[in-house]
Amino acid sequence: MERGSSEPPVARNTGSAPSTSTGPMHIPRSSSMSCHPHPGSKKHKRTPLYQRSMSFDPGMLHNNGHTAYANGTGPGIRETGVVEKLLTSYGFIQCSERQARLFFHCSQYNGNLQELKIGDDVEFEVSSDRRTGKPIAVKLLKIKPEVLPEERISGQVGPDLHAYPFTVLHGYIHPVVSAIPVHLDGKSAPGQVPTGSVCYERNGEVFYLTYTPDDVEGNIHLDTGDKVSFYMETNKHTGAVSARNIQLVKKKQMRCQGVVCATKEAFGFIERADVVKEIFFHYSEFKGDLEALQAGDDVEFTIKDRNGKEVATDVRLLPQGTVIFEDISIEQFEGTVVKVIPKVPTKNQNDPLPGRISARIGFTDKELPFGEKDTKSKVTLLEGDHIQFNISTDRRDKLERATNIDILPDTFNFTKETREMGVIAAIRDGFGFIKCVDRDARMFFHFSEVLEESQLHISDEVEFTVVPVGPLYKLLTKDMLSAQRNHAVRIKKLPKGTVSFHTQSEQRFVGVVEKEVVATPNKNASPTKNKEKEAEEGVIAYEDCGVKLTVPYHTKDLEGGGHPQVGDKVEFSINEVKRTGQQSAVSIRVLNRNASNAKRLHGFVATLKDNFGFIETANHDQEIFFHYSEMCGELENLELGDTVEYTLSKGKGNKVSAEKVTKVAAVNGIGEDVGTTVMMGKVIRPLRSVDPSQTEYQGLIEVTEEGGTKGQNYPFGIMGMANKADCLQKGELVKFQVCTVAQTGQKMACNVVPQRRAMVECVKDQFGFITYEVGESKKLFFHVKEVQDGLELQTGDEVEFSVVLNQRTGKCSACNVRRVSEGPKPVVTPRPDRLVNRLKSITLDDASAPRLVIVRQPRGPDNSKGFNVERKTRQPGVID
C-alpha cells in the first residue's frame, strides 16, 4: 500500500483467480474470503473521508467544494491539507478536500516552526490576500496522526506494491521479497519519498503496509525477507495505514556467491563477490563431488556465525563464469610505469597491487595500481616503460586498476636502459643462452622474457637488456645456477645481418708471410670422427704509415685455396673483434710465391684411412702417402676425389710423402678430351686401395664388346670412377669412356660405371644379403635404407647396386640398391599325399586316432554357450 492512499490495508484470498483490479497486492494464506479493511474490525459501510477529516458542515459545500462567499471561504470554516512546499518564510499547502494549492506565510503557523516538515498534515482557515485578493491559508495547526492501539506487530519486509505479487517456490506461494531500493540512497524525485513494504499475517490473511526510511529505527538498511516488528499508524488526513517504529528482529539468510581461491587438506577459502573479503569453509559443507572442486571454481554459499566468526555453509558449484568481480574497459589507454613490482617482496609488504602506472585519462592525471597478474606476458617491466592497458573496476569497492598491460614497441625510446646485442647460442627446455657482442660470458635468458611472442631459434640475432642479480635474490632463489649469472631480459628479435661481432677494414693491406700456420699433430684425428684439429696461428708482417706491424692469421681466412708459405707476398684486410679489440688478417690472397719455396703439386684424394690417406698424382699413375697431421684445414670436410695441393718430402728410408696438404678448388680430373663412345669392359685389375697386395696403383679394364678395340686394356684411377666411393672388384663388368690425359697424352678409362646384377638371397628386419662374391665373402650385405624408391625387397628379386668399401673396417657393402625385376612369388605347397591319405583313413572308432578333448565350452559375447553358426562336416584333406 502506498503512502498517501485513502484505503486501509486490504486482505487477499488464495482461493480465487488473480484479480484484475488495480487494488493493493495480496498473498493468500487460507481458502476463506475476507473483505474487512482491518483485522478484528466489523464489516461496515465505508465513511467518506471528508466526513472523517473535516470540522465543518458538509451541507455548506456546493460548487465543487467552494463556499458561497466570493473568495471561496467562509468565516470559521477550517480545512485540512498537506504541506507540499516549505521555504524559509513561506510555503504551499495541497488541499485534501478539493483540487486547490494555497499559499501560507510562516507567521500564520501556530507552533514550533522547526517541527513542521514537508508532508505533515495541517488544519487551516482560508482567507484572501489583501493585496491580490487570492485565497491563502491562515491559522495553521499541525494535525497529530491518529495512532492505533500500541500493539507491536511481527512481520517481514515484503515487496513493493509495484512488484509482481507472487513467486512460486517448491509448490508453495511466497511473497516476492523487496525492500527500499539501495541505489536511491534515501533520495527520490521531487515530491516523492522512497518507500518499501512490510507484510504480516492475521487469521490466515496477509496484509501489506508501506514504510519510509524514517520509519526504521537505528538507521539500518532492511533487506527483503528480514524479520521485523513494528507499530501501525493511520494518517488522519488520508486514512492510510502505515508501519512505524520498525525494528529488525532477524536478518534473512542470504545466498552469497564467490570463487574458490585456495584449497587445503580439509578446508578452503572463498573470495566473496559482495565484499573484498575471503571466507572460510570446511569440505563437509560442500554439496557435490569434492574431487572435482578446485581453485577458480564459481560457488554459492550461505554465511553463518560460528564461534564469533563468519563461515560459509551449504557450498554449491555454479556454472563457470557466473561470478564476475570486475568490469574491464573496452577502450585501451597509454601510460608510463612509475613503480615496478619488486622481484623479492619485503616482509612488511601486504599490498597485492604494488605496481603503479601514471596515465592521463580524459582530462585528469591518474595513478593506477597493478599486480603481477595484470601483465599480458612475463616480460620484466622497468620504470619509464611506455605501455598500453585497460582499466578494471572492481564491482565490490569500485577500485580501479590497470590490467592487460602490454609494452609498446617504442618503449626503449623512453627508458634509460642500455641495450646489448647478441646471437642465440643454445636453447634448452624453457631457457637458453646468448653469445654477447660485448661480453665474454654467455648470457642466460628465459623464454618468458621474449617480446612479441616470437619463436627463437639458434643463431637468431637479438637485442636485450642485462639485469644484474642482487645478493638477496641469490640467497632466496632455488635455482643456484641462475643466481650466479646476470640475466638477459626484454629480448627483441632483430633482422638477419644486424648483429656483428667484428669490424672489418675497407682498406686492403699488403704484407709478407713471416710465419706459416702449423698444425698440431693429433693422431686420433679422423674425418670420420669429426675431431677438430687445433692449429697455431700464422703471422704476416706489413707496414702502415711507415710503422712496421705484424698481424696473426688463420687457415680459415685464406682465399683461393692456396696455402701461403714463409716469404710469400699476400694481400689482406684487418678484422677487429668488438669485444676484445683483437685484430687478425682476413680475406688473405697470395700475390707472389717465394721462389725459394718448394714446388707445390696438385693431386686428388684416393684413399682415407683412420689417421692417414693417399693422394693420386696429377698424372693419375701413382699414389702419395700423407698423414692427417700434415693437413691444413678441416679434416671433416675432406672427401674422396677432392683436389688438394701439397709438397713432396722424404722421410725415413727415403720414403716419399706429402706434407702441407691443402684442399683447393676443384680442377679437371682426367682431361678435356673425352670420347663419346661408351664401351663395355671387364675389370682385370682393381685399384691398389681394393687390393693392397698388388704393386701397381692403377687398375685395368679390358674391352669385351665386339669391335676393333676388343681385348685392348685401359688403365683407370680414382678420378676415372663415376662414383668415387664405388669399390670395383676383379672380374666385374663395367661401362666406360676413354679420355686423354693432357700432361702425358696417355689414354685412360673414365666415367667408369659397374654393371652389377644379382639376386636377393634373404631379407631380415632392417638388412639383407645379396648373392654376390666380394673377396673371400660370397654374400654382400645391404641395409634397407640403401634400397631406392623405398621398395620392400623379397627373396629372389634381381637388383642392381654399387659396392663401397669401409675404409676403417675394410669390409664391403652394397649401396644404391635398385630392383630390376621381381622374383617368383611363393606358392603354397600342397599337403603331401601320405598326410592326406592318413587323414582320410582316420575314423571316430579308431582308438589310435588323435582325439580332441573339450576342457571348457566356449562362450559368446552375450554369455551364451556354443557357436551361433552351425559347424559343417568337412572332408579330410580338402580345403574350402
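Here is a short tour of this structure, stop by stop, to follow in your viewer.

**Stop 1: the whole chain**

Keep in mind that what's on your screen is a predicted model. Start by selecting the whole protein chain and showing it as a cartoon: you'll be looking at 4 helices and 54 strands. There are 880 residues here, and 38% of them are buried. How do the contacts spread along the sequence? Take those between residues at least 6 apart in the chain, and 58% of them join residues at least 24 apart.

**Stop 2: colour by confidence**

Now colour the chain by pLDDT. The average comes to 77, and 75% of the residues score at least 70. Then select residues 182–187, where the pLDDT is below 50. Leaving aside near neighbours in sequence, that stretch has 4 contacts in the model. Another one to pick out is 521–533, where pLDDT also stays under 50. How many contacts does the model have for 521–533 beyond four places in sequence? For this stretch the number is 27.

**Stop 3: a threonine in a loop**

Next, go to T411. To find your way, show strand 24 (400–407) and strand 25 (419–427), and look in the loop between them. Is T411 buried or exposed? Its relative accessibility is 0%, so T411 counts as buried. Show side chains around it and look for D385, H386 and R490: T411 touches these, once residues up to four places away in sequence are set aside.

**Stop 4: two cysteines**

Select C545 and C815 and switch on the surface. C545 has a relative accessible area of 78%, which is over 50%, so this cysteine is exposed. C815 has 10%, which is under 20%, so this one is buried. While you have cysteines on screen, how many disulfides are there? The count comes to 0.

**Stop 5: the cavities**

Last stop: the empty space inside. Rolling a probe the size of a water molecule over the atoms shows where such space is left. In this structure there are 2 cavities of 30 Å³ or more. The largest has a volume of about 140 Å³. To get there, select S689, V690, K724, D726 and C727, which lie nearest the centre of the largest cavity among its 17 lining residues. What kinds of residue make up that lining? Colour by residue type and you'll find 12 nonpolar, 3 polar and 2 charged.

How values were computed:
Residues are numbered from 1 along each chain as its sequence is written. This is a predicted model: local features need pLDDT of at least 70, side-chain atom pairs count only at pLDDT 80 or more; totals for chains, interfaces and linings use all residues. Side-chain values use heavy atoms; hydrogens and water are left out. On a 1 Å grid over the protein atoms alone, a cavity is a set of points where a 1.4 Å probe fits but cannot get out, and a pocket is an open set with protein on both sides within 12 Å along at least five of seven lines; lining residues have an atom within 4 Å of a point. Grid points are joined across faces, edges and corners, and a volume is the space filled by probe spheres set on the points. Ala, Val, Leu, Ile, Met, Phe, Trp, Tyr, Cys and Pro count as nonpolar, Asp, Glu, Lys and Arg as charged, and the others, Gly among them, as polar. pLDDT is the predictor's confidence in each residue, from 0 to 100. Contact means heavy atoms within 4.5 Å. Helices (H or I, at least four residues) and strands (E, at least two) are DSSP runs, numbered from the N terminus. Buried means under 20% relative accessible area, exposed over 50%, partly exposed in between (1.4 Å probe, protein chains only). A disulfide is a pair of cysteine sulfur atoms within 2.5 Å.
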